[in-house]
Amino acid sequence: MRAMVMNRPRERLVLEERPEPAPGPGEILVRVEACGVCRTDLHVVDGDLPDPKLPIVPGHEIVGRVEAAGAGVALVLGARVGVPWLGHTCGHCPYCRSARENLCDAPLFTGYTRDGGFATHAVADAAYAFPLGEDLDTVAAAPLLCAGLIGWRSLKAAGEAEAIGLYGFGAAAHIIAQVCRWQGRRVFAFTKPGDAAGQNFARSMGADWAGGSDETPPAPLDAAILFAPVGALVPAALAAVRKGGRVVCAGIHMSDIPSFPYRVLWEERSVVSVANLTRADGDEFLALAPRVPVRTTTRPYPLDQANEALEDLRAGRLEGAAVLLP
Ligand SMILES: [Zn+2]
Ligand SMILES: [Zn+2]
């Protein structure tokens, strides 16, 4: 098999030939057909996240087929599966026992603490892989596996909001904007100031309004979701939400949040973060996506161009999501 490997953070990924791994009990060997590139991959590669397994194969938006299965796996060979960020949980910590496996004390994360999908093959815990139907397009489905799932969990955390702000209009926001419109919400999209192309893209995805993150939206927001990893957006979003409004931080990492006057938080505004996903989030979202139907905008890259895909994501040059094709 071939894999793009990170030996140390802040170094370029290196293409490696490796022997094909054998799945252990409860595991599957997946032949990767497509793997999305997520901002979290960028945080792994940039060393923003502590203690990655090293060397590590990044990538946690895997669409592929079961090529081999270990003992006790119900999935049939050839079945289409999606492998997400949540790679394994312990099943017995207080979080696992209270339907919050996303907060498990001893988890494994695909592409961070176990090898992921920037490769021709990946081994996954079968219990955390989602069966995918045959009707989804391989490339189009890849961004659903994290941008979609984490976006969905973030949208649930935003609550009943009718007018919702999405800060950072990348892979997750372009999916969640479609879900919001389908649910009858109004969408206000915020991009980097002056990013006219990004604002046009947001409007084309159904946003009612699009502007710079330094702009005041034309109506107060009921809630906001921050997909951009920029701490200064927290007070900006708090200032844009109405009394009782909620600001949801969807990313795994964010630059420091600057201090701000208490009055922007007062009147029962709140700030919450979303961490990881549960398998229930995934089941819900993957059932809902074809009903919307969610259409993803993707840019394909060959596997050996993973560094270029990450660089394009970092530079904000992408419309929608980058997807690697082995
Ligand atoms: Zn646990
Ligand atoms: Zn992700």
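**Exercise 1. The surroundings of helix H6**

Determine which strands are included in what covers the buried residues of H6, and state how many of the eight residues of helix H6 are buried.

*Solution.* The structure is a predicted model. The cover over the buried residues of H6 includes strand E10 (163–167) and strand E13 (221–226), together with strand E14 (241–249) and strand E15 (270–273). Turning to the helix itself, which runs over residues 233–240, one finds that six of its eight residues are buried, so H6 is largely enclosed by the rest of the structure. The residues concerned are Leu233, Val234, Ala236, Ala237, Leu238 and Ala240.

**Exercise 2. Serine 259**

Locate serine 259 relative to E14 and E15, and decide whether serine 259 is buried or exposed.

*Solution.* The first step is to place the residue: serine 259 lies in the loop between E14 and E15. The second step is to count its surroundings, and here 6 other C-beta atoms are found within 10 Å of serine 259. A residue is exposed if this count is 12 or fewer, and serine 259 is therefore exposed. As a further step, one may relate serine 259 to glutamate 11, from which it is 248 residues apart in sequence and 33 Å apart in space, C-alpha to C-alpha.

**Exercise 3. The two domains and their contact**

Give the bounds of domain 1 and domain 2, and work out what the side of domain 1 that touches domain 2 is made of.

*Solution.* The domain assignment gives domain 1 as 2–143 + 277–325 and domain 2 as 148–273. Their centres, taken over C-alpha atoms, are separated by 26 Å. To the contact, domain 1 brings 24 residues and domain 2 brings 18 residues. On the side of domain 1 that touches domain 2, the elements giving two or more residues are helix H1 (39–45) and helix H7 (279–288), and the largest share, four residues, comes from H7. By class, the residues of this side divide into 11 nonpolar, seven polar and six charged.

**Exercise 4. The chain as a whole**

Describe the protein chain by its helices and strands, and explain why it is as compact as a globular protein of that length.

*Solution.* The protein chain contains eight helices and 17 strands. Its radius of gyration is 19 Å, close to the 20 Å that the globule rule gives for 326 residues, so the chain is as compact as a globular protein of that length. The C-alpha trace spans about 55 × 40 × 40 Å along its principal axes, and buried residues make up 48% of the 326 residues. Finally, among contacts between residues at least 6 apart in sequence, 69% join residues at least 24 apart.

Conventions
Residues are numbered from 1 along each chain as its sequence is written. Chains are lettered from A and ligands numbered from 1 in the order in which they are written. This is a predicted model: local features need pLDDT of at least 70, side-chain atom pairs count only at pLDDT 80 or more; totals for chains, interfaces and linings use all residues. The radius of gyration is taken over C-alpha atoms; the globule rule is 2.2 Å times the number of residues to the power 0.38. A residue is buried if 20 or more other C-beta atoms lie within 10 Å of its own, exposed if 12 or fewer, and partly exposed in between; C-beta atoms are placed from the backbone. Two residues are in contact if their C-beta atoms, placed from the backbone, lie within 7 Å. Domain bounds come from an automatic or database domain assignment. Ala, Val, Leu, Ile, Met, Phe, Trp, Tyr, Cys and Pro count as nonpolar, Asp, Glu, Lys and Arg as charged, and the others, Gly among them, as polar.
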